[in-house]
Amino acid sequence: MTTRPGSGRRAGRSAHQRYRADVAAYVAAGGDESVQRVITAVQSLQRKLGQWYARQLVDLDLSAGEWAVLANLATAEEGAALTPTQLAEATSVAPSSMTHRLDRMTERGLIDRAADPENRTRVLVSLTHRGWETFKAAIQEANMVESDVLGPLSRDQREELAALLELVIAGLDDAEADETS
C-alpha cells in the first residue's frame with residue numbers, strides 16, 4: 001500500500017510538523033508549493049487561534065454567536081444600531097435564531113433593543129455599557145495572545161505581513177466585484 005506524503009498519525013506531532021506534512025500532501029496532489037505554504041499557514045494559524053478564542057469565550061461566558069453579535073455592534077459605524085435582520089445576515093444565522101440570541105443577551109445586559117424612531121415596526125439593537133466592556137475585555141485578552149503569536153516577528157516584519165495580507169484581501173474584493181458586474 002502506498003501512502004501519501006504527510007499521512008500517518010497526526011497526534012504527537014508539533015504544529016510545524018503537521019504544517020509541513022499538510023503542505024507536502026497538497027503539493028503531492030498537484031498544488032503549487034508556494035501557494036500551499038501560504039494557504040496552509042493561514043489556515044493553521046486560524047485553527048489554532050480559533051481554539052484559543054473558543055476557550056476565551058467560555059471564560060467570558062459567551063457563545064460564539066453572542067461574540068459575533070457583540071463584535072458586529074462594536075465595529076458598526078460609531079454609535080450605529082443594527083437591526084436583528086442585519087445581525088442575522090452578518091452572522092449567517094436564521095432570523096429566528098437571532099431573536100433567541102438577542103433575548104439572552106438582553107437578559108444579561110449586553111445589548112439594548114428599542115423601536116426605530118423612524119419606523120416603529122423595526123427594532124434597533126445597540127451595545128450597552130456592559131456589552132462594550134465585555135467586548136473590550138475580550139479584545140484585550142486576545143491581544144495578549146495575538147502579540148505572543150506574532151512575537152517572533154519584528155515590528156517591520158509585522159507591518160510587511162499586514163500589508164501583504166491586506167493586498168490579498170483587496171484582491172478578493174476586486175474578484176468579487178468582477179463576479180457581480
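User: In this predicted model, in which helix is Gln56 found, and is Gln56 buried or exposed?
Analyst: Gln56 is found in helix 2. Its relative accessibility comes to 5%, and since buried means under 20% relative accessible area, the residue falls on that side of the cut-off. Gln56 in helix 2 therefore counts as buried.

User: Which residues is Gln56 in contact with, leaving aside its neighbours within four places in sequence?
Analyst: With those neighbours left aside, the contacts of Gln56 include Glu141. The full set in contact with Gln56 is Ala137, Ala138, Glu141 and Ala142.

User: How many residues line the largest pocket, and which helix gives the most to that lining?
Analyst: The space in the largest pocket amounts to about 650 Å³, and 16 residues line it, with Leu45, Leu150, Leu153, Leu161 and Leu165 lying nearest its centre. Helix 2 (33-59) and helix 7 (155-180) each supply at least two residues of the lining. For the lining of 16 residues, the helix that gives the most, with 6 residues, is helix 7.

User: How does the lining of the largest pocket divide by class into nonpolar, polar and charged residues?
Analyst: Among the residues lying nearest the centre of this pocket are Leu150 and Leu153, and leucine is counted as nonpolar. Over the whole lining of the largest pocket, the classes are 12 nonpolar, 1 polar and 3 charged residues.

User: What volume of space lies in the second largest pocket, and which helix provides the largest share of its lining?
Analyst: The second largest pocket holds about 220 Å³ of space, and its lining of 12 residues has Ala15, His16, Tyr19, Ser44 and Leu45 nearest the centre. Two elements, helix 1 (15-28) and helix 2, give two or more residues to this lining. By class, the lining residues are 4 nonpolar, 3 polar and 5 charged. For this pocket of about 220 Å³, the largest share of the lining, 6 residues, comes from helix 2.

User: How far apart in space are Leu45 and Ala15, C-alpha to C-alpha?
Analyst: Leu45 is found in helix 2, and because its relative accessibility is 39%, it counts as partly exposed. Both Leu45 and Ala15 belong to the residues nearest the centre of the second largest pocket. They are 30 residues apart in sequence, and their C-alpha to C-alpha separation in space is 9.5 Å.

User: At what angle do helix 3 and helix 5 pack?
Analyst: Two packed helices are described by the angle between their axes together with the distance between those axes. For helix 3 (residues 64-74) and helix 5 (residues 95-107), the axes lie 10 Å apart and the angle is about 80°. That makes helix 3 roughly perpendicular to helix 5, at an angle of about 80°.

User: Which residues of helix 5 meet helix 3?
Analyst: The contact of helix 3 with helix 5 has, by class, 5 nonpolar, 1 polar and 3 charged residues. From helix 3 the participants are Gly65, Glu66, Val69 and Leu70, and the residues they meet in helix 5 are Met98, Arg101, Leu102, Arg104 and Met105.

User: Where does Thr83 lie, and which residues does Thr83 touch, not counting those up to four places away in sequence?
Analyst: Thr83 lies in the loop between helix 3 and helix 4 (84-91). Its relative accessibility is 8%, so Thr83 counts as buried. Without sequence positions up to four places away, the residues touched by Thr83 are Arg122, Val123 and Leu124.

User: What phi does Asp61 have, and is Asp61 buried or exposed?
Analyst: Most residues other than glycine have a negative phi. Asp61, in the loop between helix 2 and helix 3, has a positive phi of about 60° although it is not a glycine. Because its relative accessibility is 54%, Asp61 counts as exposed.

User: In which loop does Ser92 lie, and what is its relative accessible area?
Analyst: Ser92 is not a glycine, yet it has a positive phi of about 60°. The residue lies in the loop between helix 4 and helix 5. Ser92 is exposed, with a relative accessible area of 67%.

Conventions: Residues numbered from 1 in each chain as written. Predicted model: local features only at pLDDT ≥ 70, side-chain atom pairs only at ≥ 80, totals over all residues. Heavy atoms only, no water. 1 Å grid on protein atoms, 1.4 Å probe; cavity = no way out; pocket = protein on both sides within 12 Å on 5 of 7 lines; lining within 4 Å. Points joined across faces, edges and corners; volume = space filled by probe spheres on them. Helix = DSSP H or I, 4+ residues; strand = E, 2+ residues; numbered from the N terminus. Buried < 20%, exposed > 50% of the residue type's maximum accessible area, 1.4 Å probe, protein only. Axes fitted to C-alpha atoms, helices over the stretch in contact; angles between N-to-C directions. Parallel < 35°, antiparallel > 145°, perpendicular 65-115°, else oblique. Contact = heavy atoms within 4.5 Å.
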